[in-house]
There are 2 protein chains.
Amino acid sequence: MRSEKDGLSERKKQILKAIVQAHIEGGEPVGSKYILENQHLNCSSATIRNEMAELENLGYLEQPHASAGRVPSEQGYRFYVDSLVEHYVMTANEVAQINRLLRAKMGELDQILVEASNLAANLTNYTAIAIKPRASLVTVSKFETIYLEPDHYILVAVSSTGSVKSKHLQTKEPVTPEALENLSGVLNMLMINLSADQITLPHMMKLEALLGNDAHLAADVIKAIYDLLKELDDGEVKVSGLDRLLQYPEYSDMGQLQALLGTLENKEEFLDLVSKNEGEDVSVLIGSESEVKVMNNSALVFKPIIKDGKTLGAIGVLGPRRMDYAKVLGTLEGLSGNIADLIGTGNQITGGVSNGQDAKEGG
Amino acid sequence: MRSEKDGLSERKKQILKAIVQAHIEGGEPVGSKYILENQHLNCSSATIRNEMAELENLGYLEQPHASAGRVPSEQGYRFYVDSLVEHYVMTANEVAQINRLLRAKMGELDQILVEASNLAANLTNYTAIAIKPRASLVTVSKFETIYLEPDHYILVAVSSTGSVKSKHLQTKEPVTPEALENLSGVLNMLMINLSADQITLPHMMKLEALLGNDAHLAADVIKAIYDLLKELDDGEVKVSGLDRLLQYPEYSDMGQLQALLGTLENKEEFLDLVSKNEGEDVSVLIGSESEVKVMNNSALVFKPIIKDGKTLGAIGVLGPRRMDYAKVLGTLEGLSGNIADLIGTGNQITGGVSNGQDAKEGG
DNA sequence: TTTAGCACTCTTTACTGCAGAGTGCTAACT
DNA sequence: AGTTAGCACTCTGCAGTAAAGAGTGCTAAA
């Protein structure tokens, strides 16, 4: 006993692993007999029972009631994910699927993320989420105006992360295309690389001054810029494959499910989660580990998409605590590799560095 | 008997209405005794039973099993909605809530729709959806380019409906800001007001010719324009308050629920619905009326947002068949009035005509 | 045409008993 | 000391039954 540095004998590990895997597959408590039949250990069911009792004392297993089999505890899953899970390697077929679908939809990051989360849902058969984190440091790196009618133009802003947002603006007095060109010139001089709270009264004064005859545009433009910055800052959470949750009996209990759905609509908690685990490569949050109250019965695995040290987004998989971690981890690895490649090859703001497939679990 | 032109005596109507309303509230079959106690008809429960038996023969009611109360049939709801429902008038409080929240989030149509559907979900306590219909006739009315780096620029397109989309483009050979200005000029001459299938080889030839030294840009630009048009065409469906469905016992049956969730992810069916009922003011689809297979137990009420004869979007409410139609209809009326006002007052592409609060049910 | 009364049907709930699954413990074995 | 066989015990799940309740349809009388 105690022959291993983490305190579990090889046999205990094997039993724990078998229990976790069996429970992942079937969703029901697993008993000593099952282990005996499916795992060729050279011992009897009684021995296994003894081991299981010890594993329970150590906190890795729990018993729903006195005479049911054992179910992995949160700690049990944790240990499984950290030390026992074998890396699932995607089949050629799956890799091909990712390549085909993702490349077909090549586009802006938002789209790629959503597409990737669709794929994740399909491949893992759990619910997946695409997360675009809040970016509190985002600024506008370039302005442009588009003249439409004498009293109507569009203000376009390109953010430091490359996304493009626009706002329609209506003017009281007519403006000329030349005035608008002047406006964008002034904006590109004055208002570049400022975050919302760096825009101060002096900026506005200067803006009005530089606009000369068109000073009447200033107020609306400033408001529009504020709005644009707010939109750029804003995180987004998009959910795919929600219906897949329902096939797992743990979600047949309404109430629980309703709460979870409610949480999913409230993107805030997920955005917080992502920014909190920013440093990690892959994060695996099991049950109550993830401060999102509702998730006691669930697990969330997510992987940020990092580019040049900046977290551009994340894709995650949400499912019951007894999630097929091997498969989910493998899928997210594969997907993120592909996304990184895609971002590298062209459609994003900077070319270069590809942060590849280096796998490591987060704590 | 048969004193009314639609074939139902006043008393039958009253009974039918009472049954529908009671069922809407409680969700359970309602019996003759309940009617007797809550509706002061000058008759006994036996008479009511006779009337109910007749209403059942006429197809307005059905009996879940031999000795339960009656439940309105699809036809019963239909009749209720068409002739019996009283218009719900929003409370001052509700109107104020709409005004406050909607005006605070003034912005592009997409945002307004989503915000309105959030409100609809809150006010009605059902699930709401915001629908931006496919627009197969959409074209680009203005192009603009934004220079970022020698090998990297952005193509911006303003659609005929006023929405703005953009695409990052990477070039093999370096381009100058002047070249890009030329490019947008040429695009604004050549490629304006064309739908995807109107872009032909001659266009591309001419584009290359006019670009002169920068002809190498043409291929990528054409592809980008195709992509932009596709994105502009694309409909969107956004769901709010999904969790609210679960409080109604009709959705406690998994499977049914799972199918419905699946359908909600597949926006196609909803987009089809909207375009099919384009002419209507308010559409009320009860159960199987709405060709969406899954919805046998549900009802969908939606109202298009129309501006200058064009359907810009729609907001809808989805709930159990026994939905509080009065409240839902009233809420959608109120919301759409406010949206119309908002669109009128500034942020959208054309000013003018406000299609107000004129209410009428669709058939 | 309406009503009172009653028999009938069907669902819901509670309770019972039984079979099955799985454990924990003890005593014997290596 | 670790392992095993055996057995008693506990808890769940299911089937069957009985009783209560709700609501109807029908009949006969007003």
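**Note on the protein–DNA model**

1. In this predicted model, a polar side-chain atom of His65(A) lies 3.5 Å from a sugar or linking oxygen of DNA strand D. Start there, then look at the other polar contacts with this strand. Thr47(A) has a polar side-chain atom 2.5 Å from a phosphate oxygen of DNA strand D. Chain B takes part too: a polar side-chain atom of Arg49(B) is 3.2 Å from a base oxygen of DNA strand D. The elements giving two or more residues to the surface near this strand are α3 of chain A together with α3 of chain B.

2. Which element gives the largest share of the surface near DNA strand D? That is α3(A), with 4 residues. By class, the surface near DNA strand D has 11 polar, 5 nonpolar and 4 charged residues.

3. Now take the residues around DNA strand D, 20 of them. Those that come nearest are Ser44(A), Thr47(A), Ser32(B), Ser67(B) and Arg70(B). What share of the strand D atoms within 4 Å of the protein belongs to sugar and phosphate? The figure is 70%.

4. Turn to DNA strand C. There are 20 residues around this strand as well. Ser32(A), Ser67(A), Arg70(A), Ser44(B) and Thr47(B) come nearest. Of the atoms of DNA strand C within 4 Å of the protein, 72% are accounted for by sugar and phosphate.

5. Check the polar contacts of DNA strand C with chain B. The side chain of Arg11(B) has an N or O atom 3.3 Å from a phosphate oxygen of the strand. Ser44(B) uses its backbone: a polar atom there is 2.8 Å from a phosphate oxygen of DNA strand C. Ser67(B) goes to a base instead, with a polar side-chain atom 3.2 Å from a base oxygen of DNA strand C. Two elements give two or more residues to the surface near this strand: α3 (45–58) of chain A and α3 (45–57) of chain B.

6. Which element gives the most to the surface near DNA strand C? It is α3(B), with 4 residues. The classes for this surface are 5 nonpolar, 11 polar and 4 charged residues.

7. How are the two protein chains related? A rotation of 180°, with 0.0 Å of shift along its axis, superposes chain A on chain B. The RMSD is 0.1 Å. That is the relation of a two-fold axis. Both copies use the same surface, as 100% of the contact residues of chain A recur in chain B.

8. Look next at a helix pair in chain A. Helix α7 (residues 177–190) of chain A packs against helix α8 (residues 201–211) of chain A at an angle of about 150°. Their axes are 10 Å apart. Is the crossing of α7(A) and α8(A) left-handed or right-handed? The crossing is right-handed.

9. Which residues make that helix contact? From α7(A) come Asn182(A), Leu183(A), Val186(A), Leu187(A) and Leu190(A). They meet His203(A), Lys206(A), Leu207(A), Leu210(A) and Leu211(A) in α8(A). By class, this contact has 7 nonpolar, 2 polar and 1 charged residues.

10. Last, find Lys17(A). This residue sits in helix α1 (residues 10–26) of chain A. Leaving aside neighbours within four places in sequence, Lys17(A) is in contact with Tyr80(A), Leu84(A) and Glu86(A). Ala196(A) is 179 residues from Lys17(A) along the chain, and their C-alpha atoms are separated by 51 Å.

Key:
Residues are numbered from 1 along each chain as its sequence is written. Chains are lettered from A and ligands numbered from 1 in the order in which they are written. This is a predicted model: local features need pLDDT of at least 70, side-chain atom pairs count only at pLDDT 80 or more; totals for chains, interfaces and linings use all residues. Side-chain values use heavy atoms; hydrogens and water are left out. A residue is near a molecule or strand if one of its heavy atoms lies within 4 Å of it. A polar contact is a pair of N or O atoms within 3.5 Å; within protein, one must be able to donate a hydrogen and the other to accept it, and residues adjacent in sequence count only if both atoms are side-chain atoms. Ala, Val, Leu, Ile, Met, Phe, Trp, Tyr, Cys and Pro count as nonpolar, Asp, Glu, Lys and Arg as charged, and the others, Gly among them, as polar. Copies are superposed by least squares on the C-alpha atoms of residues with pLDDT of at least 70 in both. Contact means heavy atoms within 4.5 Å. Axes are lines fitted to C-alpha atoms, for helices over the stretch in contact, and angles run from 0 to 180 degrees between N-to-C directions. A crossing is left-handed if the near helix is turned anticlockwise from the far one by less than a right angle, and right-handed if clockwise.
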